[in-house]
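Load the model in your viewer and keep the selection panel open. The stops below go one selection at a time.

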Amino acid sequence: MENSHACIGAAAPKTAAGPAPCDLCGATDYKRVAEENGHAIYRCRGCGLVQVRPLPAETKEVNQRYWHVDLDDPAVRVSRAGSRPVFLHGLQCLQRLTGESIRGKKVLDVGCGMGLFLEIVQEQEGVPYGLDLTPEAVQFTRELCKIDTVAQGYFETCDLPPGFFDVITGWGILHHTRSPSQWFAQAYRLLADGGILLVKMPNVSFTSAAYRLTPLLRALGLPATHYLASRPPLNLYGFTRETLAALLEKASFEVLTVESARIRGNAGFLGGLTSAATALATGLTAGKIDFHPGILAIARKRGKPGAPSGSKTP
């Protein structure tokens, strides 16, 4: 678990108005690809975005099934250690593409979870800010990481000053949101001109392919998988490189890269085997389908690069 940002709820009933439009292209023509935990998963025939329809109804008990952490649990240290190489790889890609480090930059981590990325921001002399849905996550970051610039709330509706941040990150959260389009629109609003957005998420090309191999995996004594990274209602969307790039472009971002993300540092032998197998599968399609487990995207808010950020403090 890298970060936390999820809505837990029961399936909402269908209405006479018909299916909700696709979050990316607005079409209502879907192909049903799976059903898990009582929720139907569809692929839009227009753009290919994979999404749960209808969306689960929101409940007041947001995240209670997802974020339960004992600050003294040894598993926390293991999880944090595994995430560190992923975060560092993302920042290396950011510097390679922009020619700049995050030193002196205001960095907002959405779904800051256990606060490890914010610690890395401090190490690299950036200015860390965090946002998470759950009070446990905020408490964890403040107590363990000694970072006070964290708040609880929904990113899509948070009242933060526009144009304030130089960098916004979302590590493993976008597939939990109710509307990726709204999430990207909010990121665009909060970034300064020329600001950078970095997001990392599961690759549905990988998870759906593994899902189809469930009988084989079980026969080999390996854990069963899901069509999305986790069963709905925890996960609501599945992204490929193409649909992720299209969502960024829809929000008026300049896409700098959409590429394979690094596997967690504690993935061990199974992680290495997965990397080798997915590289082979991708090669067999001549690169037309990327089967790597994760996707990393970096984009820039269109505007004058290097324009000063807003001066107001959230």
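Select Asn-203 and Ser-205 at the start of α5: a side-chain oxygen of Asn-203 comes to within 3.0 Å of the backbone nitrogen of Ser-205. That is a polar contact (N or O atoms within 3.5 Å, one able to donate a hydrogen and the other to accept it; residues adjacent in sequence count only if both atoms are side-chain atoms). The model is predicted, with local features needing pLDDT of at least 70 and side-chain atom pairs 80 or more, while totals for chains, interfaces and linings use all residues. Numbering runs from 1 along each chain as its sequence is written, and side-chain values use heavy atoms, without hydrogens or water.

Extend the selection to helix α5, residues 204–212 (helices are DSSP runs of H or I, at least four residues; strands are runs of E, at least two). Among its buried residues (under 20% relative accessible area, 1.4 Å probe, protein chains only) are Val-204, Ser-205 and Thr-207.

Next, show the open four-stranded sheet, ordered β1-β2-β3-β9 with antiparallel pairing (at least two DSSP bridges between strands). Its edge strands are β1 (30–36) and β9 (237–238). Two bridges join β3 to β9; Gln-51 has Tyr-237 in β9 as its bridge partner.

Now select Arg-53, in the loop between β3 (50–52) and α1 (74–98). What does its side chain reach at 3.3 Å? The backbone oxygen of Pro-21. Arg-53 is buried but has no salt bridge (Lys or Arg side-chain nitrogen within 4 Å of an Asp or Glu carboxyl oxygen). The nearest side chain of opposite charge, Asp-23, is 5.2 Å away. Contacts of Arg-53 (heavy atoms within 4.5 Å) include Tyr-30, Tyr-42 and Tyr-237.

Note on methods. Buried means under 20% relative accessible area, exposed over 50%, partly exposed in between (1.4 Å probe, protein chains only). Lys and Arg count as positive and Asp and Glu as negative; His and the chain ends are not counted. Lists of a residue's contacts leave out its neighbours within four places in sequence.
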